[in-house]
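Visitor: I would like to learn how to read the empty spaces and the sheets in a protein model. Could you take me through this one step by step?

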Amino acid sequence: APEKEVLQLNLGERDKISFQHENLKVVSSFLSFDENKSKPVIDFSQQLQNKALSENSDDESVHSTLRKSLFKKSGNIHKNTEFKAGSVDVKEIGTYLNTSENMKEVTKEGFLRNNHHVPITKDSDFTLHRVNNEEIVSENGIKIQSFSNASEILDMTGTTRRKLEILRAVTEIPTQFRSIFKEFPYFNYAQSKALDDLLYTDRNFVICAPTGSGKTVMFELAITRLLMEAPLPWLNIKVVYMAPIKALCSQRFDDWKEKFGPIGLTCKELTGDTLMDDLFEIHHADIIITTPEKWDSMTRRWRDNSIVQLVRLFLIDEVHVIKDESRGATLEVVVSRMKTIQSSLWRLLEKHDTVPPLRFVAVSATIPNTQDIAEWLSDSKMPAVCLKIDEDQRPVKLRKIVLGFPCSDNQTEFKFDLTLNYKIASIIQTYSEQKPALVFCATRKGVQQAASVLAKDAKFLLSIEQKQRLQGFANSLKDSKLRDLLTYGVAYHHAGMEITDRKTIEGAFTVGDLPVLFTTSTLAMGVNLPAHLVVIKSTMHYVGGVFQEYSETDILQMIGRAGRPQFDTTATAVIMTRCSTRERYIQMLNGADIIESSLHRHLVEHLNAEIVLHTVTDVSVALEWIRSTFLYIRALKNPTHYGFSSGLDKVGIEAKLQELCLKNLNDLSSFDLIRMDEANNFKPTETGRLMAWYYIAFDTVKQFFTIKGTETLNELIIMISNCTEFVDVKLRTNEKKILNSLNKDKDKITIRFPMEGKIKTREMKVNCLIQAQLGCIPIQDFTLTQDTGRIFRNGLRVT
């Protein structure tokens, strides 16, 4: 510190937490500043000064200096023992300290008075010079006094500073179901608040709660209610849990198999393009765990199977996905279809009391118009309950920070992404508090690059035992690059890795031996890897050959990984984005984005499916069906979003929706997918039935109408490769070499119909992989083998 000034921490009579000598790794981030170096090293410190950190935090979250350092504590925590510690110099970190109230601030020009000012530097080499066990000396020989650490020991229930009187006890649950909730004695605040409606009524229920507030337990309460009410044996009841991401479904499946198996319920996971034998298996499953797409394709066949009619409880996770342009429409029609099936059953059966009620329970992240979701899920008899839980009731308090970085017009997304790699070290230094950090990157290659940069930039202080354990993990890895990084305390993790390597890395991170893990956003959605600090490195990701912003769901999923309820009372999420988009993400994190429908963009496929199902039989029923959708509710409130003029009344908006329906019906009719009889009733054609049955996009069907019947095999493969069903297959830069050699290589076996030029589009990649598989050409690359599997699963439907 300049002029040998030393910061001193005033300690009250609180418990002091100590570490034994050998295990001591607490390092406070002091600066070795000299006058010449005290200028900021960075190009954007001005933006940072001008309120560059957007923090939703209270005084508690301005942490003391001691806990700001990068290095990790390990060893056991002992109460009431002294802590003989050295402090340390950190070489050239341009990080100004966040000083807490009980610390004397160093008044020197090198420090800024503003607590929230945290510049990020390129050069962050955390080098330490140990002299002896008692102290650590900086390069210029200044000794720094040791401090005691006054961290508060966490109340293990995660309910610090909250009165337990308002929390409901698990003992309220009937004895035979109590094992479902055996992991804790009390429900948390959000769960306690929802308990009466979930456990003692059958009303439809929408809860809007921040990620990490224990929503799974709310679903479990609703299942418990159903079991309490349904007579034994539970033969004719089915529960459907629907989540937007396959990985979330897998997680729920593993969890619920263990919880509900012992009380006699079987779970079945239905994701991907599963085959018809699933229908048989579902007959015997009590809890069906699925994605909107899969449930849509299942329920398109509902008249042939009575399963759908047995569903008594429909659980929707992440219901805000309804705004997602590509996936939202499916979620919306599936729910509307369940409502329509319920009401048509009610009409068909004379004895209305024989129709079992269907209950919806939906959970959403923080959104402003939860009431609209509740209105959509309300039935004719009773409005749905809508419960909003504030951010401050999250069991682990989450501090959200959005950092804007300058990006010049001529800088490509790839370049911008690379520059962010050099800022990661200081962000971890500033916010990790020596606890595990998870960094999300857009691409698999980006994950590896960022991990390599950090391993060079930062030296983590690891105990001897920790090093030995990491070495043990490293020895079992197949990936040599990963093996080297792991010994530095850094690792990466993505879907293209060997499964054994992935499991090893997850293990090392979960037990807390691995300080920093880099991962791709897709994989992190499903693998439950909570961390104290979550960093989203760049808000753009590469989809279908172009860069686009993450959806709100993606962002909320990633942020939801911040905070480990069993270890933390606070957590931090940092979003690194461009200055131009910073404001947008602040808005998003505050839950200010209104959720709209995207059904109008995909209406044609869904209308066809409803006609095939006989849910929609004529124009008036088509409008009645539209009224059961979220699109209808939002169109009445925000007509301009859907292309209608703002002055329209309810009648006018309904007329416009009917017009939209008719346009789509005409499109279907012009391709002979539906026909109208004399009484203006719709009848599906065989082609329309196949389109719905095999879940084919309208654009693909239009393309198939160009088939003359004289096509060569090559022309047919080209046509199939162009189908929209393969839109989620990505062409990655590092695959081009293998694909080009499959296409043309005089020394190796190549595909039967080579394409002209280099492989540079998704369609060419799909074509190449189809031919390689049909030609039995072995492909060594793991990710290409995965993609081939996906192409053939979808390809079987298309062909």
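Visitor: Where does the largest cavity lie with respect to domain 1 and domain 2?

Guide: As a general idea, rolling a probe the size of a water molecule over the atoms shows where empty space is left. In this predicted model, domain 1 (179–392) and domain 2 (397–590) both give residues to the lining of the largest cavity, so the cavity lies between them. Its volume is about 120 Å³, and the count of cavities of 30 Å³ or more comes to 10.

Visitor: Which residues lie nearest the centre of the largest cavity?

Guide: The lining is made by 14 residues, and those nearest the centre are Thr 211, Thr 366, Glu 391, Lys 400 and Leu 556. Two or more lining residues come from each of strand E11 (397–405), helix H16 (552–559) and helix H17 (582–589). Sorted by class, the lining has 7 nonpolar, 4 polar and 3 charged residues.

Visitor: What is the order of the strands in the open sheet?

Guide: In general, strands of a sheet pair through backbone hydrogen bonds, either parallel or antiparallel. Here the open sheet has 7 strands in the order E6-E7-E5-E8-E9-E4-E10, and the pairing is parallel. Strand E6 (267–270) and strand E10 (385–388) are at the edges with a single partner strand each, so one side of each has no neighbour in the sheet.

Visitor: How many bridges join strand E5 to strand E8?

Guide: Strand E5 (residues 238–242) and strand E8 (residues 311–316) run parallel and are joined by 5 bridges, and Met 242 stands opposite Ile 316 in E8.

How values were computed
Residues are numbered from 1 along each chain as its sequence is written. This is a predicted model: local features need pLDDT of at least 70, side-chain atom pairs count only at pLDDT 80 or more; totals for chains, interfaces and linings use all residues. Side-chain values use heavy atoms; hydrogens and water are left out. On a 1 Å grid over the protein atoms alone, a cavity is a set of points where a 1.4 Å probe fits but cannot get out, and a pocket is an open set with protein on both sides within 12 Å along at least five of seven lines; lining residues have an atom within 4 Å of a point. Grid points are joined across faces, edges and corners, and a volume is the space filled by probe spheres set on the points. Helices (H or I, at least four residues) and strands (E, at least two) are DSSP runs, numbered from the N terminus. Ala, Val, Leu, Ile, Met, Phe, Trp, Tyr, Cys and Pro count as nonpolar, Asp, Glu, Lys and Arg as charged, and the others, Gly among them, as polar. Domain bounds come from an automatic or database domain assignment. Two strands pair if DSSP finds at least two bridges between them.
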